[in-house]
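Work through the exercises below with the sequence and the model open side by side. Each task is followed by a worked solution.

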Amino acid sequence: MQPCGYPYTGYCTDMPQNMRDCNEPFPDTNIYHKDETVIATYFDDSFNRTWEDGTKSAPCPLNLTYPLSLSETQTESFDCPVTCYDCANLCRMQAMSVAKADQMLDPTMQGCNAWVFCTNPDGCTNGEKTMPGLSCTLKRIPLDNPDIQKRMRARSAYEDEEFGTEPAGLMAGGSSDFVSGFCNVRETCVNTESVRDRCDLGCGNEREYSCGGVPFQCSDGCIPRCPC
């Protein structure tokens with residue numbers, strides 16, 4: 001069965017690479033690390049609900065401005081996410097919206113790189129805390145975390161067996177009601193010196209490395225995000 005709104009659950013060759021990187025879910029998994037930064041938690045606040053512990057949804061609809069190229073941007077409005085597909089896409093777009101031109105618009109460097117969606121309408125238990133039902137939490141786990149580093153290497157080498165394995169070092173207890181995933185966790189010439197060293201024509205050279213997808217994204221680590 002396809003989990004909570006996902007259009008597919010496996011490898012899909014006709015999807016842009018940047019969407020595949022973000023939209024591959026781990027069922028029954030709550031990605032968590034003690035050093036994580038919670039960017040925001042969203043749930044349907046049409047009635048201005050306050051959760052049992054006082055939690056309120058971050059404001060939505062959310063307007064995000066993201067780059068189409070080094071000189072062109074676009075602003076798009078996103079409703080409160082109501083499926084884990086919405087949550088994954090919001091994580092991807094949030095990271096794009098804070099990407100910096102002096103870092104080749106690399107979406108791995110700031111913003112969301114992990115998302116967690118509560119699939120139980122009555123709420124999901126996370127240790128001593130209960131997350132609001134059908135809520136989407138956007139997180140950032142530091143890039144120097146060993147489990148993130150391992151995942152970055154696996155994604156960059158397309159080691160599907162390793163890449164598809166649940167991140168044992170980044171899982172919280174009581175995860176059965178959660179679905180979660182990573183976004184833009186891969187090596188690039190901006191975040192990994194060994195990748196930068198092998199980019200003979202320079203980091204971000206879009207004439208040498210192909211790019212595609214909507215919006216443009218490069219699978220080669222020598223171009224974190226194509227300024228095409």
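**Exercise 1.** Which residues is Leu90 in contact with, leaving aside its neighbours within four places in sequence?

*Solution.* Take contact as heavy atoms within 4.5 Å. With the sequence neighbours set aside, the partners of Leu90 are Tyr42, Leu62, Leu64, Phe78, Pro81 and Leu138. Before going on, note that this is a predicted model, in which local features need pLDDT of at least 70 and side-chain atom pairs count only at pLDDT 80 or more, while totals for chains, interfaces and linings use all residues. Residues are numbered from 1 along each chain as its sequence is written, and side-chain values use heavy atoms, with hydrogens and water left out.

**Exercise 2.** Place Leu90 in the largest nonpolar core, and find which element gives the most to this core.

*Solution.* Start with the terms. A nonpolar core is a set of buried Ala, Val, Leu, Ile, Met, Phe, Trp, Tyr and Cys residues joined through side-chain atoms within 4.5 Å. Buried means under 20% relative accessible area, exposed over 50%, and partly exposed in between, with a 1.4 Å probe and protein chains only. Helices (H or I, at least four residues) and strands (E, at least two) are DSSP runs numbered from the N terminus.

Next, the core itself. The largest one holds 24 residues, and Leu90 is among those with the most contacts inside it, together with Tyr42, Trp115 and Leu138. At least two residues of this core come from each of β2 (37-42), β3 (62-67), α2 (84-97), β5 (114-118) and β8 (136-140). The element that gives the most is α2, with seven residues. Another core, of 15 residues, lies apart from this one and includes Ala114, Ile141, Ile148 and Val185.

**Exercise 3.** Is Asn113 buried or exposed, and what does its side chain reach?

*Solution.* Locate Asn113 in the loop between α2 and β5. Its relative accessibility is 2%, so Asn113 counts as buried. A polar atom of the Asn113 side chain lies 2.9 Å from the backbone nitrogen of Ile141. Beyond four places in sequence, Asn113 touches residues including Cys91, Lys139, Ile141, Phe182 and Val185.

**Exercise 4.** Compare the settings of Asp28 and Asn184, starting from phi.

*Solution.* Phi of Asp28 is near 55°, a positive value in a residue other than glycine; phi of Asn184 is also near 55°. Asp28 sits in the loop between β1 (26-27) and β2, and Asn184 in the loop between β9 (178-182) and α5 (193-197). Asp28 counts as partly exposed because its relative accessibility is 48%. Asn184 is buried because its relative accessible area is 3%. Finally, Asp28 and Ser176 are 148 residues apart in sequence, yet their C-alpha atoms are 4.2 Å apart.

**Exercise 5.** Where is Pro61, and what kind of peptide bond joins it to Cys60?

*Solution.* Pro61 belongs to the loop between β2 and β3. The bond from Cys60 to Pro61 is cis, with omega about 10°.

**Exercise 6.** Summarise the chain as a whole.

*Solution.* Count the elements: five helices and nine strands. From the N terminus on, they run α-β-β-β-β-α-β-β-β-β-α-α-β-α. Then take burial: 52% of the 228 residues are buried. Last, among contacts between residues at least 6 apart in sequence, 63% join residues at least 24 apart.

Definitions and conventions: A polar contact is a pair of N or O atoms within 3.5 Å; within protein, one must be able to donate a hydrogen and the other to accept it, and residues adjacent in sequence count only if both atoms are side-chain atoms.
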